[in-house]
Amino acid sequence: MGSKYLLLSQIKPYFPRNIGTFYELFGGSAVVSLNVKADKYVINDLSGHLYSLYDMFKNKSADEIISYCWENQQKFGFTCDETRRSVFVEKNKEPYNKCRDYMNSNPSPLGYYFLTFYSFCNQFRFNNGKFNMPAGNGYFKKECEKPIKDMCEFFGGERVNIFNKSYDYFTEFDDNSFVYMDIPYYIFREV
């Protein structure tokens, strides 16, 4: 995973001050768009799972997402007692695996998003169409509600357009556009 959150302070000084439309053509977590001031945003990712996640924040209410998370935390029996971290992690492995199996049998962006609160490093990854992250040491808590509200507010506005296209679909930009492309990583293996 290549989130640019920790590099924002190094990247942003190279961006123009006034951006009409900010294009993030390899959207990923959309962390750059979320932290850049622009009049409008175009967020694109070829991953259908990421597009569905953007669409969820665009079209569901924060209250609906938050309620779903609290309900599923209880439904699957996750613990939130951090008195002994190693015990806490061990207690959540079984509920996590049951929840992951259920979500993979009943796929939905909301279910996969919920899993990220408990997945290793809160990551969102799929293999052969199935969410495949192992259990981690996080959990859904009260502090998670504000970022959900912020995401729904950001994506839900008219200023944000989301796409599930190849980056080369975007070919025409006006003078007030800024295109940010953080291309996917390729692991080079010497032969």
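A polar contact is a pair of N or O atoms within 3.5 Å; inside a protein, one of the two must be able to donate a hydrogen and the other to accept it. Keep that in mind for the pair I start with: the side chains of Glu-145 and Trp-70, joined by a polar contact of 2.8 Å. I should also say at once that the model is predicted.

Let me stay with Glu-145 for a moment. Glu-145 sits in helix 7, which covers residues 145-156. Is Glu-145 buried or exposed? Its relative accessibility is 10%, and the cut-off for buried is under 20%, so Glu-145 counts as buried. Besides Trp-70, the side chain of Glu-145 also has a polar contact with the side chain of Lys-142, this one at 3.0 Å. Setting aside residues up to four places away in sequence, Glu-145 touches Ile-66, Trp-70 and Phe-140. Trp-70 therefore turns up twice, as a polar partner and in that list of touching residues.

Now the whole protein. How many helices and strands does it have? There are 7 helices and 6 strands. Along the sequence they come in the order α-β-α-β-α-α-α-α-β-β-α-β-β. The radius of gyration is 18 Å, and the globule rule gives 16 Å for 191 residues; the two are close, so the protein is as compact as a globular protein of that length. Along the principal axes, the C-alpha atoms fill a box of roughly 55 × 50 × 30 Å.

Some totals next. Of the 191 residues, 41% are buried. If we take contacts between residues at least 6 apart in sequence, 60% of them join residues at least 24 apart. The accessible surface is about 11800 Å², and carbon and sulfur atoms account for 50% of that. On charge, there are 23 positive and 23 negative side chains, with the centres of the two sets 5 Å apart.

Next, Arg-100, in helix 5, residues 85-105. The relative accessibility of Arg-100 is 18%, so this residue counts as buried. What does Arg-100 contact, once neighbours within four places in sequence are left aside? The answer is Leu-115, Phe-131, Asn-132, Met-133 and Pro-134. There is also a polar contact of 3.3 Å between the side chains of Arg-100 and Asn-97. Tyr-68 is 32 residues from Arg-100 along the chain, and their C-alpha atoms are separated by 15 Å.

Two residues deserve a look for their backbone angles. Most residues other than glycine have a negative phi. Ala-30 has a phi near 65°, a positive value, and it is not a glycine. Where is Ala-30? It lies in the loop between strand 1, residues 21-24, and helix 2, residues 31-34. With a relative accessibility of 0%, Ala-30 counts as buried. The other residue is Cys-121, also not a glycine, with a positive phi of about 55°. Cys-121 belongs to the loop between helix 6, residues 109-116, and strand 3, residues 126-127.

Now some residues with more of their area accessible to the probe. Lys-37 is in the loop that runs between helix 2 and strand 2, residues 40-44. The relative accessible area of Lys-37 is 74%, so Lys-37 is exposed. From Lys-37 to Pro-16 is 21 residues along the chain, and their C-alpha atoms are separated by 10.0 Å.

Glu-143 is in the loop between strand 4, residues 130-131, and helix 7. Exposed means over 50% relative accessible area, and Glu-143, at 56%, counts as exposed. Glu-143 and Lys-40 are 103 residues apart in sequence; from C-alpha to C-alpha they are 28 Å apart in space.

Last is Leu-7, in the segment before helix 1, residues 8-11. Which class does Leu-7 fall into? Its relative accessible area is 34%, so Leu-7 is partly exposed. Between Leu-7 and Phe-124 there are 20 Å in space, C-alpha to C-alpha, and the two are 117 residues apart in sequence.

To go back to the start: find Glu-145 in helix 7, and then look for its polar contact with the side chain of Trp-70.

Notes
Residues are numbered from 1 along each chain as its sequence is written. This is a predicted model: local features need pLDDT of at least 70, side-chain atom pairs count only at pLDDT 80 or more; totals for chains, interfaces and linings use all residues. Side-chain values use heavy atoms; hydrogens and water are left out. Helices (H or I, at least four residues) and strands (E, at least two) are DSSP runs, numbered from the N terminus. The radius of gyration is taken over C-alpha atoms; the globule rule is 2.2 Å times the number of residues to the power 0.38. Buried means under 20% relative accessible area, exposed over 50%, partly exposed in between (1.4 Å probe, protein chains only). Contact means heavy atoms within 4.5 Å. Accessible areas come from the Shrake-Rupley method with a 1.4 Å probe; for residues, only the protein chains shown count as cover. Lys and Arg count as positive and Asp and Glu as negative; His and the chain ends are not counted. The place of a charge is taken as NZ of Lys, CZ of Arg, CG of Asp or CD of Glu.
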